[in-house]
Amino acid sequence: MADRRAMLAPRTDAGRATAENGVVLLDGPDGVAVTMTADAAARTADSLLEAARQAREQAAARGPGAADAGEGLD
Amino acid sequence: MLTRHLLRNRLTELSDDERALLEGAVSQTRHYAAGQVVVRQGTPIEVSTLLVEGMMTRHVDAPDGRRHLVAVHVPGDFVDLHAYALKKLDHDVGALTDVTVAVVPHGALERLQLQDPRLTRGLWFQTLLDAAMHRQWIYRLASLNAIQRVAHFLCETNARLLAIGASDGEHFALPMTQGDIGEVCSLTNVHVSRVLRELRERGLCQVRSSHAHITDLRSLTQMAFFDPEYLYLQPAIARRATGIDGAPHG
């Protein structure tokens, strides 16, 4: 019988950041629910942008369709 | 009767005779004030605690000083029945509100175990319910976002209280602060506050002054991906707990 479970995979939907009472709330994607100070949120944003730039380069180097494949175990 | 809520409206229920037998094993009742630690982690234990009135918690204190609520208990829960086998706890048990508990010595539980295998099975069922809830709490924290976590917790609490007649399916006492809910759902106070506001604005639920009013149970259930199967409720209660049953409340 086929296993119909959804595999964990990179999310294609973005998390939603909002400001509330002087802090930043990050909701999603998936089970992410974090409250950060404004400074921590800004540093996270910078880190995410840099990681996204590197990931795009890696994906481009691997060729079309390989972006979300990850490393398999088999 | 001190044991009247134990396994009430669950798929395994106790007979009147079994309740009477268990009642006879109670050595005393005790009262604790809100905030008191009833059982401290690591302390040798020779009794187990049945919650009769009020709400209790199990909590783990992290090395960084943060407290994590890992279970919330309602009347009828045998809060530390697992201590019968373990003889000490890996977490604290505390009174969330002023509580009344019935104390059952482990020696008496041992006699019951020899005397009544069906009652023993019922008590085992009770500890398995705890395990089932812990699995759902792991799922909730791992897979649900902030608003879904809070919605799921509210649905679960409503269902458990419905089973013991402490919720009419829409209204129930929820003597928890936003900080308490945050500890259950791994959210900050400000996050809980925002989520509760959002639930209210969407017309799903209102939580204020230690009281919850679920205004649209079916939608709240759907949002939370709440399925009460893990609570092993009687089918009629399970239907009411999800808003499927349109029967009048009361």
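Select strand S3 (residues 47-53) of chain B together with S7(B) in this predicted model, and you will find two strands that run antiparallel and are joined by six bridges. Within this pair, pick out Ser48(B), which stands opposite Val104(B) in S7(B). Keep S7 (residues 99-105) selected and add strand S1 (residues 28-32) of chain B, which pairs with S7 in the antiparallel sense over five bridges. Here the residue to label is Gln28(B), whose bridge partner in S7(B) is Val103(B).

Next, move to the open sheet of chain B, where four strands follow one another in the order S2-S6-S4-S5 with antiparallel pairing. Colour strand S2 (37-39) and strand S5 (67-73) of chain B to mark the edges, since each of these strands pairs on one side only. Looking across the sheet, you can follow a twist that averages 35° from one strand to the next. At the S2 edge, S2(B) meets strand S6 (residues 92-95) of chain B in an antiparallel pairing over two bridges, and Val39(B) can be seen opposite Val93(B) in S6(B).

Now colour chain B by its domain assignment, which gives domain 1 (16-128) and domain 2 (144-242). The C-alpha centres of these two domains of chain B lie 24 Å apart, and the contact between them takes ten residues from domain 1 and nine residues from domain 2. If you select the side of domain 1 of chain B that touches domain 2, its residues divide into six nonpolar, three polar and one charged.

From there, turn to the largest nonpolar core, which has 68 residues, and show Leu50(B), Val150(B), Ala151(B), Leu154(B) and Leu220(B), the residues that touch the most other members. Helix H5 (residues 146-163) of chain B gives the largest share of this core, namely eleven residues. Because domain 1 (16-128) and domain 2 (144-242) of chain B both give residues to the core, it lies between them. For a closer view, centre on Ala151(B) and, leaving aside its neighbours within four places in sequence, look for its contacts with Leu199(B), Leu220(B), Met223(B) and Ala224(B).

Finally, bring chain A into view, where eleven of its residues are in contact with twelve residues of chain B. On the chain B side, select helix H4 (117-143), H5 and helix H7 (189-201), each of which supplies at least two of the residues that touch chain A. Coloured by class, this side of chain B shows six nonpolar, four polar and two charged residues.

Key. Residues numbered from 1 in each chain as written. Chains lettered and ligands numbered in written order. Predicted model: local features only at pLDDT ≥ 70, side-chain atom pairs only at ≥ 80, totals over all residues. Core = buried A, V, L, I, M, F, W, Y, C linked by C-beta atoms within 7 Å. Buried ≥ 20, exposed ≤ 12 C-beta atoms within 10 Å, placed from the backbone. Domains from an automatic or database assignment. Contact = placed C-beta atoms within 7 Å. Nonpolar A, V, L, I, M, F, W, Y, C, P; charged D, E, K, R; others polar. Pairing = 2+ DSSP bridges. Axes fitted to C-alpha atoms, helices over the stretch in contact; angles between N-to-C directions.
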